[in-house]
Amino acid sequence: MKYKKYFRKSSIKNIAEGNLFLKEINKINPKTFFEIGIFQGVLAKNVCDLMFNNHGLNFKYYGVDIFETDEIYKNEIAPSLKINNPLKRLYFKYIKKYNPYSIEAVEDLLKDYKNNIKLIKGNSNTALKDINIKNIDLIFIDGGHDYNTVKNDLNFSKKIISQNGTILCDDYNLTYAEGVKKAIDEFIKENACKHQILLERFVKINL
Ligand SMILES: C[S@@+](CC[C@H](N)C(=O)[O-])C[C@H]1O[C@@H](n2cnc3c(N)ncnc32)[C@H](O)[C@@H]1O
């Protein structure tokens with residue numbers, strides 16, 4: 001599988017890194033994937049394509065995102081929403097007629113899989129507690145970068161690793177969001193987890 005950018009922004013900036021990321025996901029071979037921090041849905045689309053390739057329509061993707069910008073989220077350090085490429089600006093304004101960072105835009109990007117996905121608009125600090133997390137093979141934590149949010153997201157994921165699932169966290173190496181590494185290191189120590197750093201930025205965690 002080749003990583004595609006779908007004319008949108010994503011955490012993964014180049015195709016080579018995206019391809020290596022997909023190779024790692026393919027090794028885990030999830031049938032049920034949960035993403036905290038969907039953003040514009042590029043990673044979601046790539047992972048759904050990979051799961052479709054491996055399992056046909058017998059897969060599930062769940063994702064949660066605030067899908068909004070507000071001063072109260074400033075410590076979460078969300079990526080910039082500015083569209084620098086004028087062609088892209090015109091594409092979203094006049095052709096798509098939506099903001100690429102909206103639940104509608106992600107639903108549109110994932111429309112081929114509409115029966116396989118569930119997108120939740122909400123703050124992971126409060127939204128996750130209502131979610132039934134049975135049978136999730138892989139949870140990708142890439143939402144808020146505040147220390148307390150990462151801690152919350154990891155604590156939610158504890159049940160997933162206790163059921164043989166895997167946690168994958170992004171931005172372990174992010175120097176301007178040190179709370180991410182601190183929360184991950186504490187979680188690994190407190191729960192005596194096995195872990196492996198991948199591509200210098202992701203941490204794969206299992207029991
Ligand atoms: C780095 S981006 C995710 C990128 C996406 N995983 C990708 O690879 O394309 C982080 C996302 O998390 C969202 N976010 C920030 N704080 C959050 C919170 N407390 N709960 C849910 N989502 C949050 C941001 O709005 C942003 O869309």
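These are my notebook entries on the ligand site, one aromatic pair and one helix of this structure.

**Entry 1, the model.** I am working with a predicted model, and I keep that in mind for each value below.

**Entry 2, the ligand's neighbours.** I began with the residues around the ligand and found 20 of them. Glu35, Gly37, Asp65, Tyr101 and Asp142 come nearest. Sorted by class, the shell has 10 polar, 6 nonpolar and 4 charged residues.

**Entry 3, polar contacts.** Next I looked up what the nitrogen atoms of the ligand meet. Glu35 places a polar side-chain atom 2.7 Å from a ligand nitrogen. Asn123 also uses its side chain, with a polar atom 2.8 Å from a nitrogen atom of the ligand. With Ser124 the polar atom belongs to the backbone, and the distance to a ligand nitrogen is 2.8 Å. I then checked the cover: on its own the ligand has 610 Å² of accessible area, and the protein covers 98% of it. The space that the ligand takes is the largest pocket.

**Entry 4, aromatic pairs.** I found 14 aromatic pairs in the structure and picked one to follow up. The ring centres of Phe140 and Phe202 are 6.2 Å apart and the planes stand at 50°, so I noted this pair as tilted. Phe140 belongs to strand β4 (residues 138-141) and Phe202 to strand β7 (residues 202-206), so the pair ties together parts 62 residues apart in sequence.

**Entry 5, both ends of α3.** Last, I turned to helix α3, which spans residues 86-96. What caps its N-terminal end? I found Asn85 there, with a side-chain oxygen 2.8 Å from the backbone nitrogen of Leu87. Just after α3 comes Lys97, whose phi is positive, at about 60°.

Technical notes: Residues numbered from 1 in each chain as written. Predicted model: local features only at pLDDT ≥ 70, side-chain atom pairs only at ≥ 80, totals over all residues. Heavy atoms only, no water. Near = heavy atom within 4 Å. Polar contact = N/O pair within 3.5 Å; in protein donor to acceptor, adjacent residues only side chain to side chain. Areas by Shrake-Rupley, 256 points an atom, 1.4 Å probe, with all protein chains shown as cover. 1 Å grid on protein atoms, 1.4 Å probe; cavity = no way out; pocket = protein on both sides within 12 Å on 5 of 7 lines; lining within 4 Å. Sits in = over half its atoms within 2 Å of the grid points. Nonpolar A, V, L, I, M, F, W, Y, C, P; charged D, E, K, R; others polar. Phe/Tyr/Trp six-rings, centres within 6.5 Å; stacked < 30°, edge-to-face > 60°. Helix = DSSP H or I, 4+ residues; strand = E, 2+ residues; numbered from the N terminus.
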